[in-house]
Amino acid sequence: MITSKQRSYLRSLAHQLDPLVYIGKNDLTDNILNEIDTCLEHRELVKIKIQESCLLDPKETANEVAEKLGAEFVQAIGRKFVLYRESKDYRQIVLPRK
C-alpha cells in the first residue's frame, strides 16, 4: 500500500508519460493483462488508455487490473489511468519514505 505522498510523487512522474497500452472494443482480455504485466515489470509506472469504442469504466477497470496484477492504482483522469508496481529486476523509481 502506498501513501498519499508517494501517490502524489507517482502522479507527477506519470504526467509526462504517453499511454503504453490501449484497451479496445474487446474489453479486458488476457493478452492485454499480459501486456500490462510486462510493462509494469519493465517500467514500473504505466499509463493505460481506454478507447472510445470500449464501454468499460476507467476507475473500475483500473482497480480490477491492479488487483489481478498486484499493482497499485495511482490515478484515473478521463479515459486514462495509471498503475504502479515495483519491479523485481528493473527497479528505477525510488518512492519517498513512508
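**Exercise 1. A loop residue with an unusual backbone**

Where is Glu44 found, and is Glu44 buried or exposed?

*Solution.* Start with the position: in this predicted model, Glu44 lies in the loop between H2 and S2. Next, look at the backbone: Glu44 has a positive phi of about 70° although it is not a glycine. For background, most residues other than glycine have a negative phi. Finally, check the accessibility: Glu44 stands at 0% relative accessibility, and buried means under 20%, so Glu44 counts as buried.

**Exercise 2. A second loop residue to set beside it**

Find the place of Asp27, then work out how Asp27 counts by relative accessibility.

*Solution.* Asp27 sits in the loop between S1 and H2. Its phi is positive, about 60°, although Asp27 is not a glycine. Now the accessibility: the value for Asp27 is 32%, which lies between the cut-offs of 20% and 50%, so Asp27 counts as partly exposed.

**Exercise 3. Building the sheet strand by strand**

Work out the strand order of the sheet and how the strands pair.

*Solution.* Take it one pair at a time.

1. S1 and S2 (residues 45-50) pair in the parallel sense over three bridges. Val21 has Ile48 in S2 as its bridge partner.
2. S2 and S4 run antiparallel and are joined by five bridges. Here Lys49 stands opposite Lys80 in S4.
3. S3 and S4 are antiparallel too, again over five bridges. Lys80 in S4 also has Ile77 standing opposite.
4. Put the pairs together and you get an open sheet of four strands in the order S1-S2-S4-S3, with mixed pairing. The edge strands are S1 (21-23) and S3 (72-77), each of which pairs on one side only. From one strand to the next, the twist averages 25°.

For the turn, go to the hairpin of S3 and S4: two residues lie between the strands, and Gly78 takes a positive phi near 60°.

How many of the five residues of S4 are buried? The count is four, so S4 is largely enclosed by the rest of the structure.

**Exercise 4. Placing the helices on the sheet**

Which strands does each of the helices H2 and H3 lie across?

*Solution.* Begin with H2 (residues 30-43): this helix lies across S1, S2 and S4 (80-84), and runs at about 155° to S1. Then take H3 (residues 58-69), which lies across S1, S2, S3 and S4, at about 20° to S4.

**Exercise 5. A closer look at H3**

Check the span of H3, then work out where its buried residues lie around the axis.

*Solution.* First the span: at 1.5 Å a residue, the 12 residues of H3 should cover 16 Å, and the end C-alpha atoms are 16 Å apart, which agrees.

Second, list the buried residues of H3: Pro58, Thr61, Ala62, Val65, Ala66 and Leu69. Viewed down the axis of H3, the buried residues fall within an arc of 130°, so they line one face of the helix. The general rule helps here: an α-helix has 3.6 residues a turn, so residues three or four places apart point the same way.

Third, turn to the other side of H3, where Lys59, Glu60, Glu67 and Lys68 are exposed.

Fourth, ask what the buried residues of H3 pack against. The answer is S1, H2, S2, S3 and S4.

Last, step just past the end of H3: Gly70 takes a positive phi of about 70°.

How values were computed. Residues are numbered from 1 along each chain as its sequence is written. This is a predicted model: local features need pLDDT of at least 70, side-chain atom pairs count only at pLDDT 80 or more; totals for chains, interfaces and linings use all residues. Side-chain values use heavy atoms; hydrogens and water are left out. Two strands pair if DSSP finds at least two bridges between them. Axes are lines fitted to C-alpha atoms, for helices over the stretch in contact, and angles run from 0 to 180 degrees between N-to-C directions. Contact means heavy atoms within 4.5 Å. The expected span of a helix is 1.5 Å times one less than its number of residues. Buried means under 20% relative accessible area, exposed over 50%, partly exposed in between (1.4 Å probe, protein chains only). The arc is that of the directions from the helix axis to the C-beta atoms.
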